Amino acid sequence: VAYVTLLVLALFFIFSIMGLNLFRGKLYFCNDGTRSGQADCTGNYWLELSPNQYNGFADANTTVNVIASGGNQSIAEVVALPQSILVPRTWDKPWWHMDDVLNTFLTLFEVATLRWIVVAYSMMDMPDTTGLQPQTSASAVYSLYIIAFIFVSIFCWNLFIAVVVDHFSQHSGTAFF
């Protein structure tokens, strides 16, 4: 089991070094999608809200019984819900990123547990030049990195499980039957 664990960690380490070289500092984005890059991702912008974005309300037209006025009114009439809010622009990276070895290991572990869709899309949207806003499928070739890692991780998990089951059967006495 120890040798298989070392093999799995070595393969994760190899892919994490590859991920650091390919993606370090390139996964950043501006929270205002209308901006083209880091240089103009400053100041504030108005974020338009749709009624279903109000936390705790089904939508702005939901009818509620207002005791004070004695009638039924919509939530938007009772509470003055804003149509937009002022938000500061930030140049930020996703909660998963590949800027250091530890976070790359954690990202690869998430991909290995088959939660890879968001990671793959973000890598495919990554621009070639650092400091630009991601564009849809700008670098689709980077999906090959995720696909290769998924195949390697499935092989590693299968190998690990096979060795654990084999050791269990040897130590329980059922390997000879």
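A residue counts as buried when its relative accessible area is under 20%, as exposed when that area is over 50%, and as partly exposed in between. Keep those limits in mind while moving through this predicted model.

Select F105 first: at 22% relative accessibility, F105 falls in the partly exposed class. Now add F12, which is buried with a relative accessible area of 6%. The count of aromatic pairs in the model comes to 7, and in the pair formed by F12 and F105 the ring centres lie 6.3 Å apart with the planes at 35°, so the pair is tilted. F12 sits in helix α1 (residues 2–23) and F105 in helix α3 (residues 101–112), so that this pair links parts of the chain 93 residues apart.

Next, select F15 and Y145, whose ring centres are 5.8 Å apart and whose planes stand at 55°, so this pair is tilted. Because F15 belongs to helix α1 and Y145 to helix α5 (residues 143–172), the pair ties together parts that are 130 residues apart in sequence. Both F15 and Y145 are buried. To see the wider group, select F12, F15, F23, F105, Y142, Y145 and F149, which form one aromatic cluster.

Then turn to α3 itself, beginning at D100, which caps the N-terminal end of the helix with a side-chain oxygen 3.4 Å from the backbone nitrogen of L102. Along α3, select T104, T107, L108, V111 and A112, which are buried; they cover an arc of only 140° around the axis, which puts them on the same side of α3. The cover over the buried residues of α3 includes α1, α4 (117–124) and α5, whereas L102 and L106, on the other side of α3, are exposed. Finish just after α3, at L114, which takes a positive phi of about 65°.

Notes
Residues are numbered from 1 along each chain as its sequence is written. This is a predicted model: local features need pLDDT of at least 70, side-chain atom pairs count only at pLDDT 80 or more; totals for chains, interfaces and linings use all residues. Side-chain values use heavy atoms; hydrogens and water are left out. Rings of Phe, Tyr and Trp (its six-membered ring) pair if their centres lie within 6.5 Å; planes under 30 degrees apart count as stacked, over 60 as edge-to-face and the rest as tilted. Helices (H or I, at least four residues) and strands (E, at least two) are DSSP runs, numbered from the N terminus. Buried means under 20% relative accessible area, exposed over 50%, partly exposed in between (1.4 Å probe, protein chains only). The arc is that of the directions from the helix axis to the C-beta atoms. Contact means heavy atoms within 4.5 Å. A polar contact is a pair of N or O atoms within 3.5 Å; within protein, one must be able to donate a hydrogen and the other to accept it, and residues adjacent in sequence count only if both atoms are side-chain atoms.
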